[in-house]
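Visitor: Could you take me on a close look at a single helix and what lies around it? I would like the cut-offs spelled out as we go.

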Amino acid sequence: MSETSETFIEKSTLKANDLEHRRKINYNIGKYNAVVPVGKQQFNNVGLARERAKNLKWKAIETLDEHLQEFEAAFTKRGGKVIWAEDAKQALDEILAICKEKNCKTIVKSKSMVTEEIKLNDFLEENNIESVETDLGEYIQQLDNEPPYHIVTPAMHKSKEDVAKLFHEKLNTDINLTPEELTLVAREKLRQKYTEAEIGITGANFIIADTGAIAVTENEGNARLSCAFPKTHIAITGIEKVIPSLSDLSLFWPLLATYGTGQQLTVYNTIVAGPKQPGEVDGPEEMYVILLDNGRTNILANEKLRESLYCIRCGACLNACPVYKNIGGHSYEATYSGPIGAVITPQLKNLGEWKHLSYASSLCGNCTEVCAVKINLHELLLENRHDAVKEGDASWGEKIAWKVWKQSSLSRMLMNRGNKRIKNWLVNKVFKGWTAHRGDLDFSSRTFNELWKEKRK
Ligand code: SF4
């Protein structure tokens, strides 16, 4: 068992027994579940909308190289600079080089999972550059020295009382502040940072190939300020975020909003097509887009798993997952948690070390059911398991047990042999790993044959 797998089991066991944690998550996901069906009403045919979105992402990913080059040509024409980064180190080195050139001391940063993936804040701190999270949820997490808990709602596991206590401890505010008052405190602190920062860093929800622009979606306006206030804007994004055309946003924006938060449209949707142009009054003087691979081309090379690159990070599969709701986002110890995280993390990082995430699923298929772009998530989890077994990542005991099970299942005579007690003993003892975190299996006292015959009488 890998070290990451042991930590995962330890952390998830603790969280699964933490009833207060479960209460907070159920409360927050309950609010989400109440509004998403309302948001879906904006679509005449939501199934068709998802199907169309999936087809568009299929088109974008199948010709990813062409679309990225199309983006680069159009973006650079307007004075933007594109940096191709093969891995996290290259991306970080490039960002540091820009920071040094601009003599940068302070960065304002909007919410971006890719910057979490490359551990940007830690890196900047090591290099004596202050990086301030400007999304309220991320700001809370940064104050608490914790990574985001959820890809859309970073502080989902915290109640308003938890946040008031945190602000009291870290910012010396009154412990009884209301959510509105807490927001005002954060806003006041952040406004000053926007004016000080030399560089603003954002992610990108979409890379628009035909226009050579990026699209950023948010509810607070902080990403827009992070792009526009500082003299330099760096956007860092995974290469899979590409969509073929600007007109595709008319489908992706409502889908992302509804599946992410139940809104018809997110409050701020900004399209940034390069630095400030002659005659324009707003915007940065320089703009860079860093296109990050960091393992994505490994997924692209895998015909079956390629589909996971269609993800628009709406977070719906996390909210629907019974495992996520019990063990929470931090137990995964990965940037991307929940079903999509369990699919892509072993591929982005290392299958041998991270395959356990693909086994942490009941395969109920709820994730596939709710996915905004209809990714067959539960089948991809099986694909990872299949790859792990092919790579020899299964113990001798497990291999023998499955062989015996297969032979028995293929023989009606063997299946009918043995009474309930023997079967219970055999399975619950042989599959010790199975029963460590689940109740014992309890076989029927009658065979399948007997039950079947009785049913057909
Ligand atoms: S896999 Fe689907 S449901 Fe999950 S975050 Fe991505 S788009 Fe949303």
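Guide: Happily! In helix α3, the residues A49, R50, A53, K54, L56, K57, A60 and I61 are buried, where buried means under 20% relative accessible area, exposed over 50% and partly exposed in between, with a 1.4 Å probe and protein chains only. They cover an arc of only 165° around the axis, which puts them on the same side of α3; the arc is that of the directions from the helix axis to the C-beta atoms.

Before we go on, a word on the source: this is a predicted model, in which local features need pLDDT of at least 70, side-chain atom pairs count only at pLDDT 80 or more, and totals for chains, interfaces and linings use all residues. Residues are numbered from 1 along each chain as its sequence is written, and side-chain values use heavy atoms, with hydrogens and water left out.

Helices (H or I, at least four residues) and strands (E, at least two) are DSSP runs, numbered from the N terminus. Helix α3 covers residues 46–62, and its 17 residues should span 24 Å at 1.5 Å a residue, which agrees with end C-alpha atoms 24 Å apart. The expected span is 1.5 Å times one less than the number of residues.

What do the buried residues of α3 pack against? Their partners are α4 (64–77), β8 (242–243), α12 (249–261), α13 (296–301) and α19 (366–370), with contact meaning heavy atoms within 4.5 Å.

Let us follow one of those partners, α13. Its residue R296 counts as buried because its relative accessibility is 2%. R296 forms a salt bridge with E117, with the closest N and O atoms 2.8 Å apart; a salt bridge is a side-chain nitrogen of Lys or Arg within 4 Å of a carboxyl oxygen of Asp or Glu. This pair links distant parts of the chain, since R296 is in helix α13 and E117 in helix α6 (residues 113–117), 179 residues apart. E117 is buried too, at a relative accessible area of 13%.

R296 also meets E240 in a salt bridge, at 2.7 Å from N to O. E240 sits in the loop between β7 (232–238) and β8, so this pair ties together parts that are 56 residues apart in sequence. E240 counts as buried, at 2% relative accessibility. Both bridges belong to a structure in which a full search finds 24 salt bridges.
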